[in-house]
Amino acid sequence: MRMTMAMEGAALKLAPPGPFRPNSALALASAAASSSSSRASFRRLSSSAAASSSSSVLADSDPSASGSLSLGHLTRPDFPILHQEVNGSKLVYLDNAATSQKPSSVLKAVLEYYEAYNSNVHRGIHFLSVRATDEYELARKKVAQFINAGESRDIIFTRNATEAINLVAHSWGLSNLKPEDEIVLTIAEHHSAIVPWQIVSKKTGAILKFVDLDGGEVPDVSKLRGMLSKKTKLVVVHHVSNMLASILPIEDIVQWAHDVQAKVLVDACQSVPHMAVDVKALDVDFLVASSHKMCGPTGIGFLYGKSELLTSMPPFLGGGEMIADVFLDHSTYAEPPSRFEAGTPAIGEAIGLGAAIDYLSEIGMQKIHDYEMELANYLYESLQSVPSVRIYGPKPSRNINRAALCSFNVEGLHPTDIATILDQQHGVAIRSGHHCAQPLHRYLGISASARASLYFYNTKEDVDNFIEALNSTVNFFNTYK
């Protein structure tokens, strides 16, 4: 068994590459006469071929002009990691809800920072520091524009979405919650959206109230609306469930919450990478997301907060960068966003996130969303064909959309056993476990599930390979029964 991956070095002076290259697209088009020959061509692609041109035509391309290749086929050449073998098989990466892969343009942006202008930000007047500061703050502007925030200062860089939620909990929460105040959540929330509020509720006496699922295995928004009252101070909800694939009507939830003067925090980790998210249109008070799920580096996420809320909140962490003046007996604090970014930030990671946003924006979030909806239905329908399979979450229909992921179990088999054989015998990467959603799993009467999750660089061939491998895995275990 062997694993190979070809990666090319990057030059210091780099023009921002687009999401796909005309040269590679033409090569793919000529190899796409059949799905089998197309798959064979991808096995032979190298990262150097994927980066053969720096111009982008994807946003304006006509599918018929490129052999009707899908978005997945067109963008795959930009992701070096996908072009390798794992345990003797072509890698099929279906664990995107956990983390996404990174295009060459993001890898090069991070490398260029460390090779060309590595320096601390906001603190130096020399060339390297000034350039690093400019690029770091430009990344903040890109995030603000990407989600249509009013100003870049409404964006706080954090280590991840978990830290962003903790920031709100320990800054806004400890300052505003009192005994008998209520926080409304759903049982389908990620642990990161539950645990911080458990900690804060113990300190403040606030009460957590949870909404369960309706008959379609979607958080019951009608019950949520009925729970809201003058006691409600905060609603914490996901936009897209990382297990159920359900999509909540955030605009409605925000309106109901605001009707009772409550604030709303949205966990958008599974929506910002996959669809256009407009914080102004949604009117959310807080929103969090993670870079690593949207083609960016690990170790950085962001919090969006309305300006008036951020300005009223005390610091979460103390130290350098977040101060205005320090005296021996007291300190004064900087305005947001600096107030919430103590110490040296993740500079290279922020710059990489900015490059990821450039990449996604060139493709177009609506194009990504439309393609993933097609993939989502194909995955769901294909998975239904597997004997004794149980898929969790809503059934797709004309009125119900699912995100491009499926959590499932196969009767009589443990999900970790399934995931292990898929990896070791077929090179298929999926997730198994509780997906940081133990309360939801307990509600469904299970301890764990398997999960296949897609992104725009996946293809229907990936789904076909997964289903073929899953059927083979089920048959493998059945021979021992």
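The crossing of helix 6 and helix 13 is left-handed, and I would like to start from that pair, with the reminder that what we are looking at is a predicted model. The axes of helix 6, residues 127-146, and helix 13 come within 8 Å of each other and cross at roughly 40°, so that helix 6 counts as oblique to helix 13. On the side of helix 6 the contact is made by Glu135, Tyr136, Ala139, Lys142, Val143 and Phe146, and these meet a set of helix 13 residues including Ile347, Ala350, Ile351, Leu353 and Gly354, as well as Ile357 and Asp358. Divided by class, the residues of this contact of helix 6 with helix 13 are ten nonpolar, two polar and three charged.

Helix 13, residues 347-363, also meets helix 5, residues 104-116, and here the axes come within 8 Å and cross at roughly 150°; because angles over 145 degrees count as roughly antiparallel, helix 5 is roughly antiparallel to helix 13. The crossing of helix 5 and helix 13 is right-handed. Helix 5 contributes Ser105, Val106, Ala109, Val110, Tyr113 and Tyr114 to the contact, while among the residues on helix 13 are Ile347, Gly348, Glu349, Ile351, Gly352 and Ala355. By class, the contact of helix 5 with helix 13 has ten nonpolar, three polar and one charged residues.

Let me turn now to the sheet. Four strands form an open sheet in the order 13-14-17-16, with antiparallel pairing. Strand 13, at 389-391, and strand 16, at 431-433, stand at the edges with a single partner strand each, and therefore one side of each is left without a neighbour in the sheet. On average, and with direction ignored, neighbouring strands of this sheet are turned by 30° against each other. If we look at the edge formed by strand 16, its pairing with strand 17, residues 449-453, is antiparallel and runs over three bridges, and within the two strands Arg431 stands opposite Arg451 of strand 17. Helix 15, residues 415-426, packs on the sheet, where it touches strand 14, strand 16 and strand 17, and the direction of helix 15 makes about 155° with that of strand 16.

One last residue, before I stop, is Asn166, whose place is in helix 7, residues 161-176. Is Asn166 buried or exposed? At 17% relative accessibility Asn166 counts as buried, because the cut-off for that class is under 20%. With neighbours within four places in sequence left aside, Asn166 is in contact with Pro196 and Phe316.

Note on methods:
Residues are numbered from 1 along each chain as its sequence is written. This is a predicted model: local features need pLDDT of at least 70, side-chain atom pairs count only at pLDDT 80 or more; totals for chains, interfaces and linings use all residues. Side-chain values use heavy atoms; hydrogens and water are left out. Two strands pair if DSSP finds at least two bridges between them. Axes are lines fitted to C-alpha atoms, for helices over the stretch in contact, and angles run from 0 to 180 degrees between N-to-C directions. Contact means heavy atoms within 4.5 Å. Angles under 35 degrees count as roughly parallel, over 145 as roughly antiparallel, 65 to 115 as roughly perpendicular and the rest as oblique. A crossing is left-handed if the near helix is turned anticlockwise from the far one by less than a right angle, and right-handed if clockwise. Ala, Val, Leu, Ile, Met, Phe, Trp, Tyr, Cys and Pro count as nonpolar, Asp, Glu, Lys and Arg as charged, and the others, Gly among them, as polar. Buried means under 20% relative accessible area, exposed over 50%, partly exposed in between (1.4 Å probe, protein chains only).
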